[in-house]
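Here are some exercises to work through with the structure open beside you. Try each task before you read its solution.

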Amino acid sequence: MSSMNIASSAGSARSFIEIDSLEKTFHARGAGARGKGGFKAVDNVSLDIERNSIFGLVGESGCGKTTLSRAVLFLDPPTGGEIRIDGIDMRTLSASRLRTFRKRIQIVFQDPNSSLNPKMSIENSIKEGLNNIKYAAGEPERRAKLDNRVDELLALVGITPGHKTRFPHEFSGGQKQRIVIARALSVEPDFLILDEPVSNLDVSIQAQIINLLLELKEKLSLTYLFISHDLNLVSYLSDKIAVMYKGQIVESGNTERIMAEPVHPYTKKLFSAIPGVTRIDEEQELVFHVDEPGYSEGLPEGYCFYPSELAEGEAQASPQMLEINDGHSVACFEA
Ligand SMILES: Nc1ncnc2c1ncn2[C@@H]1O[C@H](COP(=O)(O)OP(=O)(O)OP(=O)(O)O)[C@@H](O)[C@H]1O
Ligand SMILES: [Mg+2]
């Protein structure tokens, strides 16, 4: 247990993506930036994502997964904390460098219909992204290069290039998601945020898209942040997992370790829904807010999951990530 320590909020310098103490607070309309309090949809989130890995972020609806991904992209900039990509702090980039830099990260959302313009052929949708790429060539040559690139991208995701003049409504849901993936890849990103990319699709189609994503990851040396409420799927895909609850990470670590020994009661609750994986006692209520001291099981002496277990006056403002094993951390309070 000597390796036990409060995980430092600063990530290892070698990680590709370092998300450090990220915060996103929404203020009620009209309250302005000085509005009192506000709602912290993302609260003190730190994640380190290694190059060429799949990092799974899991948590139920409304816990802040999409808010986190939009903040990472600076689509909706964070209100606190830091994001470093290859060691570069995104906040230090000028607007134009941020635009260039952001191409390295692309995002694929749940609903392909909201990502594709229904009035545009899929060829033109993909070209939108490509138009920003400068080809060192004259106009006809440039056009030929763009056409070739569109064909190449469509073939890469399993869409017949000959269908490129068609419109989104002429494709099935799974095909549309393939086209969205092709468009995301057009700018040659190295990091994809996949925000519930298959939850809108039929189960039979889900597996095809997952396999495509795994294939593309290998072919193009991509790194994924895979977001889902489905712990089963996330466990299958990811090298590491972080479990999010009400804007905070409650447990993170290597997938195998978390699956074998989930420590936080909320992680146990999520796993209890998956057959064959560690279950919490059937008798125990599957509710997160329980104050029984037994729930601090798995934590070293002197730590607990709930501030209510602390003597009055000792309650800390928010839990800290405690590293209980190599790379396996859990949110708890120091008693
Ligand atoms: N622009 C906004 N203004 C105010 N509150 C917001 C805004 N966007 C999101 N929220 C709130 O932040 C919380 C987190 O929302 P978010 O969409 O990130 O959750 P999620 O985990 O992605 O959920 P789902 O699984 O349903 O996609 C929710 O309570 C939501 O209502
Ligand atoms: Mg979401």
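**Exercise 1.** Find the bridge partner of I17 in β3, then trace the sheet of four strands around it and give the strand order.

*Solution.* This is a predicted model, and we can walk through the sheet one pairing at a time.

- Step 1. Start at I17, whose bridge partner in β3 is I49. That bridge belongs to the antiparallel pairing of β2 (residues 17–26) with β3, which has seven bridges.
- Step 2. Turn to β5, where I17 stands opposite I85. Strands β2 and β5 run antiparallel and are joined by five bridges.
- Step 3. Move on from I85, which stands opposite I88 in β6. Here β5 (residues 80–85) and β6 pair in the antiparallel sense over two bridges.
- Step 4. Put the pairings together: the sheet is open, its pairing is antiparallel, and the order reads β3-β2-β5-β6. Its edges are β3 and β6 (88–89), each of which pairs on one side only.

As a reminder, strands of a sheet pair through backbone hydrogen bonds, either parallel or antiparallel.

**Exercise 2.** Describe the shell around ligand 1: which residues surround the ligand, and which element gives the most?

*Solution.*

- Step 1. List the shell: F26, F39, A41, G59, S61, G62, C63, G64, K65, T66, T67 and H229 surround ligand 1.
- Step 2. Sort the residues by character, which gives four nonpolar, seven polar and one charged.
- Step 3. Assign them to elements. Both β3 (39–49) and α1 (65–72) supply at least two residues, and α1 gives the most, with three.

**Exercise 3.** Take S61 from that shell and decide: is S61 buried or exposed?

*Solution.*

- Step 1. Locate S61 in the loop between β4 (54–58) and α1.
- Step 2. Count its surroundings: 8 other C-beta atoms lie within 10 Å of S61.
- Step 3. Apply the cut-off. A residue with 12 or fewer such atoms is exposed, so S61, with 8, is exposed.
- Step 4. Look along the chain as well. K246 is 185 residues away from S61 in sequence, yet their C-alpha atoms are separated by 9.5 Å.

**Exercise 4.** In the largest nonpolar core, which residues touch the most other members?

*Solution.*

- Step 1. Begin with the whole chain, which has ten helices and 14 strands. Of its 335 residues, 35% are buried.
- Step 2. Pick out the largest nonpolar core, a set of 70 residues in which A182, L194, L225, F226 and V243 touch the most other members. Helix α6 (residues 173–185) gives the most to this core, with six residues.
- Step 3. Zoom in on L194. Leaving out residues up to four places away in sequence, L194 touches V108, L213, Y224, L225, F226 and I227.
- Step 4. Set this against the chain as a whole: among contacts with a separation of 6 or more, 64% join residues 24 or more positions apart.

**Exercise 5.** Where does the pLDDT fall below 50?

*Solution.*

- Step 1. Take the overall picture: the average pLDDT is 85, and 82% of the residues score at least 70.
- Step 2. Mark residues 1–12, where the pLDDT is below 50; this stretch has 22 contacts in the model beyond near neighbours in sequence.
- Step 3. Mark residues 277–291 too, where the pLDDT is below 50 and the model has 19 contacts beyond near neighbours in sequence.
- Step 4. Keep a general caution in mind: where pLDDT is low, the predicted coordinates should not be read in detail.

Notes
Residues are numbered from 1 along each chain as its sequence is written. Chains are lettered from A and ligands numbered from 1 in the order in which they are written. This is a predicted model: local features need pLDDT of at least 70, side-chain atom pairs count only at pLDDT 80 or more; totals for chains, interfaces and linings use all residues. A residue is near a molecule or strand if its C-beta atom, placed from the backbone, lies within 6 Å of it. Ala, Val, Leu, Ile, Met, Phe, Trp, Tyr, Cys and Pro count as nonpolar, Asp, Glu, Lys and Arg as charged, and the others, Gly among them, as polar. A residue is buried if 20 or more other C-beta atoms lie within 10 Å of its own, exposed if 12 or fewer, and partly exposed in between; C-beta atoms are placed from the backbone. Two residues are in contact if their C-beta atoms, placed from the backbone, lie within 7 Å. A nonpolar core is a set of buried Ala, Val, Leu, Ile, Met, Phe, Trp, Tyr and Cys residues joined through C-beta atoms within 7 Å. Two strands pair if DSSP finds at least two bridges between them. pLDDT is the predictor's confidence in each residue, from 0 to 100.
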